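Thank you all for coming; I would like to walk slowly through one structure today, taking its parts in turn. Please have the sequence and the view open while I talk.

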Amino acid sequence: PTTAIIVVAAGSGTRLGADAPKAFVGIDARSVLRHALDGIFAAAPMQVIVVAPAGFEGDAEAELRAAAGDRHELGRVVTGGETRQQSVAAGLRALWGDVTTVLVHDAARALTPPALIDAVADAVDAGTGVIPALPVVDTLKRVDGDAVVGPVDRSELAAAQTPQGFPRALLEQAYAVAADAGEEYTDDAALFAAADLPVRHVAGDERAFKITTPADLDRARRLLDAAAP
Ligand code: C5P
């Protein structure tokens with residue numbers, strides 16, 4: 001395949017309050033990472049790079065093998081870094097073959113529908129990055145300490161999700177620029193845009209929410225319960 005997905009799973013997940021790194025916490029009988037990989041292997045075939053926390057590479061291999069079945073030759077595990085950006089960079093270095101489109105995905109968005117992964121991959125063209133985004137539903141305020149300073153026009157805002165897709169060559173170039181500048185960004189779209197490269201958005205999906213807190217884990221469990229036969 002000419003598309004690859006880098007699944008960053010190297011975070012500690014301290015906000016979840018579990019013993020294991022977040023990717024290995026069970027949602028049901030299956031872990032966060034396993035659910036993420038099941039979604040990926042239900043999408044169009046692509047190279048799959050799992051970025052694991054140091055010391056958990058073997059666990060990640062086992063999850064990858066279980067999710068991949070007879071497509072295990074598409075997968076590879078590498079060790080992550082201190083920050084999400086360093087973890088993605090490690091994933092980029094592990095690509096092989098003639099990949100031209102790279103998706104970067106949070107393992108923590110475990111219930112992301114395969115159709116969203118395909119929609120992002122399909123929307124990437126030679127010059128542009130693509131992110132899934134949802135309209136902002138909350139009423140937002142600009143604040144300064146405890147003072148409410150003013151309103152924010154939410155029609156100008158969108159909430160970014162993953163997977164985010166990019167032409168490989170431009171993403172590698174943007175990572176080199178960020179490394180030279182010593183800058184850290186919260187997502188790949190911001191890093192890409194900082195290198196003066198264009199990013200568009202497509203419709204996101206509620207199910208692609210990020211599992212961060214125990215309440216998010218409960219939400220994932222309820223969704224799986226509701227979907228169970
Ligand atoms: O911490 P947060 O949930 O925002 O992290 C988003 C994603 O980035 C998670 O899937 C997490 O595993 C990953 N990550 C990583 N390496 C880090 C920090 C976060 O792969 N050093």
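**A walk from the ligand outwards**

Let me start with S87, which, if we leave aside its neighbours within four places in sequence, is in contact with V8, A10, V51, G80 and G81. Please keep in mind from the start that what we are looking at is a predicted model. S87 is found in helix α3, which covers residues 84-93, and with 24 other C-beta atoms within 10 Å it counts as buried, since the cut-off for that is 20 or more. The C-alpha atoms of S87 and G11 are separated by 8.9 Å, although the two residues are 76 residues apart along the chain.

Where does S87 come up again? It is one of the residues that come nearest to the ligand, together with V8, A10, G11 and A108, out of the 18 residues around it. As for the character of that shell, its residues divide into seven nonpolar, six polar and five charged.

Now to the helices, beginning with α1, residues 32-41, and α2, residues 57-68. Two packed helices are described by the angle between their axes and the distance between the axes. Here the angle is about 35° and the axes lie 9 Å apart, and α1 passes α2 in a right-handed crossing. On the α1 side the contact is made by L33, R34, L37, D38 and F41, which meet A60, E63, L64, A66, A67 and A68 in α2. These contact residues divide into eight nonpolar, no polar and three charged.

How much of α1 is covered? It is mostly covered, with eight of its 10 residues buried, and these are V32, L33, R34, H35, A36, L37, G39 and I40. They pack not just against α2, but also against β1, β2 and α4.

That brings us to α4, residues 114-123, whose buried residues are L116, I117, V120 and A121. Why do I say that they share one side of α4? Because they cover an arc of only 135° around the axis, which puts them on the same side of that helix. In general, an α-helix has 3.6 residues a turn, so residues three or four places apart point the same way. What covers the buried residues of α4 includes α1 and the strands β1, β4, β5, β9 and β10.

From L116 in α4 we can step to V136, which is 20 residues apart from it along the chain, with 19 Å separating the two C-alpha atoms. V136 is found in the loop between β5 and β6, and it counts as partly exposed because it has 15 C-beta neighbours inside 10 Å. Apart from its neighbours within four places in sequence, V136 is in contact with R154, L157, A158 and A159.

I will finish with two details of the backbone. Most residues other than glycine have a negative phi, and most peptide bonds are trans. Against that background, the peptide bond from T162 to P163 is cis, with omega near 10°, and P163 is found in the loop between β8 and β9. The other detail is D196, which has a positive phi of about 65° although it is not a glycine. D196 has its place in the loop between α6 and β10, and it is exposed, with 8 other C-beta atoms within 10 Å.

Key: Residues are numbered from 1 along each chain as its sequence is written. This is a predicted model: local features need pLDDT of at least 70, side-chain atom pairs count only at pLDDT 80 or more; totals for chains, interfaces and linings use all residues. Axes are lines fitted to C-alpha atoms, for helices over the stretch in contact, and angles run from 0 to 180 degrees between N-to-C directions. Helices (H or I, at least four residues) and strands (E, at least two) are DSSP runs, numbered from the N terminus. A crossing is left-handed if the near helix is turned anticlockwise from the far one by less than a right angle, and right-handed if clockwise. Two residues are in contact if their C-beta atoms, placed from the backbone, lie within 7 Å. Ala, Val, Leu, Ile, Met, Phe, Trp, Tyr, Cys and Pro count as nonpolar, Asp, Glu, Lys and Arg as charged, and the others, Gly among them, as polar. A residue is near a molecule or strand if its C-beta atom, placed from the backbone, lies within 6 Å of it. A residue is buried if 20 or more other C-beta atoms lie within 10 Å of its own, exposed if 12 or fewer, and partly exposed in between; C-beta atoms are placed from the backbone. The arc is that of the directions from the helix axis to the C-beta atoms.
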